[in-house]
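Subject: Structure handover

Hello,

Here is the structure we discussed. My notes follow below it.

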Amino acid sequence: MSMSRLAQLRGLIQALFPERHLYLRSGGEMKGVVLTPARQMIFAAIALGLLTWVLVSFIAILIGAVTQSRSDEELAQMQARSERWVADREARLNSAVAQLNASGASLGGLAESIEKRHAALALLLTDLKGEPGAMAALTPALRGAPDPDANPIERIATVQANQERLVDAAEDYARSRADRLRLAFRLAGLAPSSYASSAASGGPLLEAPDPRALAAVLDVDERFAARIQRAAENLSAANALSETASRLPFAQPAKGARKTSSFGVRFDPFTGRPAFHSGLDFVSAFGAPILTTAPGIVSFAGVRSGYGKTVEVDHGRGFKTRYAHLSALAVSPGQRVAVGQRIGALGNTGRSTGPHLHYEIWLNGRAVNPYRFIRAGEHVQQARSQAG
């Protein structure tokens with residue numbers, strides 16, 4: 001088989017490069033040159049190599065030209081950007097110089113800008129003064145009073161640096177407090193945006209529709225106005241959330257009690273079959289005080305079928321809490337109660353296997369998981385303790 005292929009190859013070579021004879025006449029003499037297939041193949045290989053070299057050289061020259069063109073273009077773009085940057089800085093410098101000249105003194109404009117920033121900060125700090133922990137958070141930013149022996153420019157620079165640190169601290173404090181309270185509401189399954197409307201707070205910091213409008217109101221630069229507004233909005237949201245949290249059932253219904261049964265489907269202790277448990281069970285000493293978890297009005301105080309002696313409190317905003325299996329009642333319908341107020345004593349009345357509290361939270365007529373609200377309340381307390 002291999003001999004046959006070799007013969008075919010030899011035939012192909014002879015067909016492509018048949019033996020050729022060249023005759024050259026010189027000085028009346030005739031000379032003959034024989035071009036064998038081997039010589040023809042050598043010449044063809046040399047010609048092919050030269051052609052390949054020419055093509056590779058041409059492609060290399062073409063690529064070099066394209067690369068050079070791109071490099072020139074990038075260089076031109078960089079030069080244009082540099083020229084624009086220089087022109088922009090020159091324009092700003094010229095504008096600053098013109099403003100300083102127009103003010104009549106080189107320090108007059110700077111001092112005026114500092115005073116306007118102080119006025120803007122004063123509006124924000126007025127709201128922060130009543131915040132627990134705000135002054136502790138802002139005090140480190142108040143360090144570095146201007147040196148009275150320094151020249152005016154250095155003193156102004158020190159005041160500007162203090163202002164930047166102060167607004168940074170205000171932003172951080174307001175944002176962190178708002179974020180902690182937003183997390184608490186999400187843990188309870190509530191949308192923070194529904195309880196943290198900043199529009200109710202009013203004031204120039206929040207009435208301005210955008211930083212440009214606020215900058216015009218405060219007569220400061222837009223960047224500084226935007227930072228002031230962000231801090232004010234976060235502070236307003238934190239205040240709204242904190243105020244709302246104080247009126248929602250986030251507190252513990254029984255101090256030191258141990259949770260035994262969770263919210264949801266469980267095996268009924270009487271039938272042994274799966275059944276929906278609409279609240280949490282807490283075990284503690286018989287007669288232990290039961291406390292309301294949010295301020296409200298007692299809507300029911302008496303005996304309910306299956307629940308035994310029960311107290312129900314309406315907290316508004318669609319929230320209602322129920323405290324069941326009590327041994328004694330300490331409130332009556334229509335009575336206004338505060339958070340943490342004793343409304344009864346832990347007992348074993350109704351459908352109960354032993355002394356415990358059955359605690360429910362209802363929102364818009366639907367039972368929700370009280371444990372989520374208890375966890376949220378723990379985060380609210382942490383936010384308040386960290387703020388304080």
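Which residues are linked in a network of salt bridges? In this predicted model, they are Arg304, Glu312, Lys320, Arg322 and Glu360. The whole structure holds six salt bridges.

Within that network, Glu312 pairs with Arg304, with the closest N and O atoms 2.7 Å apart. Glu312 also pairs with Lys320, where the closest N and O atoms are 3.9 Å apart; the cut-off for a salt bridge is within 4 Å. Glu312 counts as buried because its relative accessibility is 2%. Arg304 is partly exposed at 31%, and Lys320 is partly exposed at 25%.

Another salt bridge joins Arg182 to Asp179, the closest N and O atoms being 3.0 Å apart. These two residues are three apart in helix α5, so about one helical turn separates them. Asp179 is partly exposed, with a relative accessible area of 38%.

Helix α5 (residues 152-187) also contains Ala178. Ala178 has a relative accessible area of 0% and is therefore buried. Apart from neighbours within four places in sequence, its contacts are Asn234, Ala238 and Leu241. Ala178 and Pro192 lie 14 residues apart along the chain, and their C-alpha atoms are separated by 9.8 Å.

On the surface, Met3, Leu6, Leu9, Leu12 and Leu16 make a nonpolar patch of about 520 Å². One of them, Leu9, sits in helix α1 (residues 2-16) and is partly exposed, at 46% relative accessibility.

Regards

Notes: Residues numbered from 1 in each chain as written. Predicted model: local features only at pLDDT ≥ 70, side-chain atom pairs only at ≥ 80, totals over all residues. Heavy atoms only, no water. Patch = residues over 30% accessible without salt bridge, like charges linked within 9 Å, V, L, I, M, F, W, Y side chains within 5 Å. Areas by Shrake-Rupley, 256 points an atom, 1.4 Å probe, with all protein chains shown as cover. Salt bridge = Lys/Arg side-chain N within 4 Å of Asp/Glu carboxyl O. Helix = DSSP H or I, 4+ residues; strand = E, 2+ residues; numbered from the N terminus. Buried < 20%, exposed > 50% of the residue type's maximum accessible area, 1.4 Å probe, protein only. Contact = heavy atoms within 4.5 Å.
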